[in-house]
Amino acid sequence: MRLYDTSSRELRELPPPPGPIRMYFCGPTVYARAHVGNARPFVIAMWLRSWLRLQGYDVTLVHNITDINDKIYAAAPGHSAELAEQASRWYVEDTADLGLGQPDRVPKATETIPEIVALIEELIAGGLAYPAGGDVYYRVSRFPDYGALSGRLDEESVRNPSEEDERNELKEDPRDFALWKAHKEGEDTSWDSPWGQGRPGWHIECSAMAEKFLGPAFEIHGGGLDLIFPHHENEVAQSRGAGREFARAWMHNGMLQFVGEKMSKSLGNVVTLREALDEWGPETLLVYFLGGHWRKPLDFSDDALEQAAAQAESFRNVFRGEPEAGGEWESFAAALEDDFNTPEALAVMHGWRDQELLRRGLEVFGLGSLAEGESAPAELEELARARLEARVRKDFAEGDRLRDEIEAAGWAVRDEAGGYRLVRKR
């Protein structure tokens with residue numbers, strides 16, 4: 001199988017089965033309910049794990065939760081720990097409702113403090129980090145490969161420091177970034193360290209969590225395209241500076257776009273995953289994600305979701321009809337083996353009428369429910385029969401009233417030759 005690797009800028013072959021394939025995908029910073037864009041790396045990682053296991057690989061997937069961060073302190077002054085705990089539960093609950101299962105490990109930064117402190121101590125001992133007034137900073141100048149992952153020039157990082165790495169006169173170099181931050185007034189959580197009370201910086205959390213659960217080297221590191229710089233660039237500097245091989249390949253998924261602009265909580269242009277699940281259902285959302293190549297941006301709109309709902313319904317219709325032979329698995333597998341091309345795999349499945357073959361393909365993406373069908377409640381069947389009788393006697397006003405009552409319950413009536421069919425609205 002070939003996957004595009006950000007670090008080499010080319011497609012790279014995975015080792016043959018059984019691997020192992022160890023994957024670390026960056027999860028959300030939990031200060032609000034996750035938006036739909038936050039779910040994209042989760043979905044891609046879960047699908048990739050599913051496909052690789054089907055191919056005989058031994059796969060471990062770690063998907064972290066960042067529950068220590070400046071954004072959490074800002075969102076809930078004096079109550080950040082409670083917010084982080086609540087938002088972590090929301091994230092696990094909402095992603096579970098996608099029906100894809102859960103990663104093998106979902107670590108939190110708050111559960112990894114000893115490993116974080118130990119890694120910082122190691123970097124200081126090696127001359128790659130230095131304490132400064134209760135903070136600890138990484139010496140970017142001591143890591144010659146800094147910038148190789150992102151291609152960012154040093155001058156850019158000096159002009160545009162990240163939120164986490166604000167300017168500080170105690171820094172030796174404006175590019176240096178925080179590994180440990182001294183406790184500040186208004187922050188309601190802190191931990192003991194050799195440098196005093198404080199808490200970790202954002203980037204060191206992932207270096208420590210990845211190593212704790214996957215070891216010093218692993219095959220794939222994933223996350224959104226917006227994490228390449230500075231987050232992933234800094235992870236590389238930390239872990240490789242400490243002598244670890246770290247990630248061998250990097251997968252960066254394209255962002256969801258809301259009317260052409262990146263979906264972002266900070267911009268306020270978000271639809272939460274919970275809202276999308278409640279309005280459209282998990283099957284429609286998953287078909288929607290399938291329609292975009294993982295490396296490309298994906299537009300989010302009602303039109304896009306309506307198209308996905310129609311595609312999901314077309315799959316259900318295959319299982320409502322008579323079984324037909326035909327189709328072959330090889331073209332589907334070839335699409336996924338070539339940079340995990342889900343839009344091509346989706347197109348292949350739309351050409352299948354062999355129910356068992358289609359069921360097998362849908363199950364790779366957690367869409368086996370499309371093969372099961374769904375029966376309307378008995379009271380709605382009665383309303384639909386009454387509507388049909390009203391239309392036969394040409395009482396169209398009554399027929400329309402009954403149709404509206406059915407639709408208000410979340411179902412639609414499809415008139416067919418000799419009768420009708422009830423379909424769940426998505």
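**Exercise 1. In this predicted model, work out which strands stand at the edges of the open sheet of 4 strands.**

Step 1. The sheet is open and its 4 strands follow the order 5-6-7-8, with antiparallel pairing. Strands of a sheet pair through backbone hydrogen bonds, either parallel or antiparallel.

Step 2. Strand 5 (129–132) and strand 8 (198–200) each have a single partner strand, so one side of each is left without a neighbour in the sheet, and these two are the edge strands.

Step 3. From one strand to the next, the twist averages 20°.

**Exercise 2. Trace how strand 6 is joined to strand 5 and to strand 7.**

Step 1. Strand 5 and strand 6 run antiparallel and are joined by 4 bridges; between them lie 2 residues, which makes the pair a hairpin, and Gly 133 in its turn has a positive phi of about 60°.

Step 2. Within this pairing, Tyr 130 has Tyr 137 of strand 6 as its bridge partner.

Step 3. On to strand 7 (residues 177–182), strand 6 (residues 135–138) is joined by 3 bridges, and these two strands also run antiparallel. Here the bridge partner of Tyr 137 is Ala 178 in strand 7.

Step 4. Helix 7 packs on the sheet, where it touches strand 6 and strand 7, and its direction makes about 85° with that of strand 7.

**Exercise 3. Decide whether the residues of helix 7 are mostly buried or exposed.**

Step 1. A residue counts as buried when its relative accessible area is under 20%. Among the residues of helix 7 that meet this condition are Ile 228, Phe 229, His 231, His 232, Glu 233 and Glu 235.

Step 2. In total, 12 of the 14 residues of helix 7 (residues 228–241) are buried, so the helix is largely enclosed by the rest of the structure.

Step 3. Helix 7 is followed by Gly 243, whose phi is positive, near 95°.

**Exercise 4. Determine how the buried residues of helix 15 are arranged around its axis.**

Step 1. Helix 15 (residues 396–408) has 13 residues and reaches 18 Å from its first C-alpha to its last, close to the 18 Å expected at 1.5 Å a residue.

Step 2. Its buried residues are Gly 399, Leu 402 and Ile 406. Seen down the axis of helix 15, the buried residues fall within an arc of 65°, so they line one face of the helix.

Step 3. The face of helix 15 turned away from this buried side carries the exposed residues Ala 397 and Ala 408.

Step 4. After helix 15 comes Gly 410, with a positive phi near 95°.

Conventions:
Residues are numbered from 1 along each chain as its sequence is written. This is a predicted model: local features need pLDDT of at least 70, side-chain atom pairs count only at pLDDT 80 or more; totals for chains, interfaces and linings use all residues. Side-chain values use heavy atoms; hydrogens and water are left out. The expected span of a helix is 1.5 Å times one less than its number of residues. Buried means under 20% relative accessible area, exposed over 50%, partly exposed in between (1.4 Å probe, protein chains only). The arc is that of the directions from the helix axis to the C-beta atoms. Two strands pair if DSSP finds at least two bridges between them. Axes are lines fitted to C-alpha atoms, for helices over the stretch in contact, and angles run from 0 to 180 degrees between N-to-C directions. Contact means heavy atoms within 4.5 Å.
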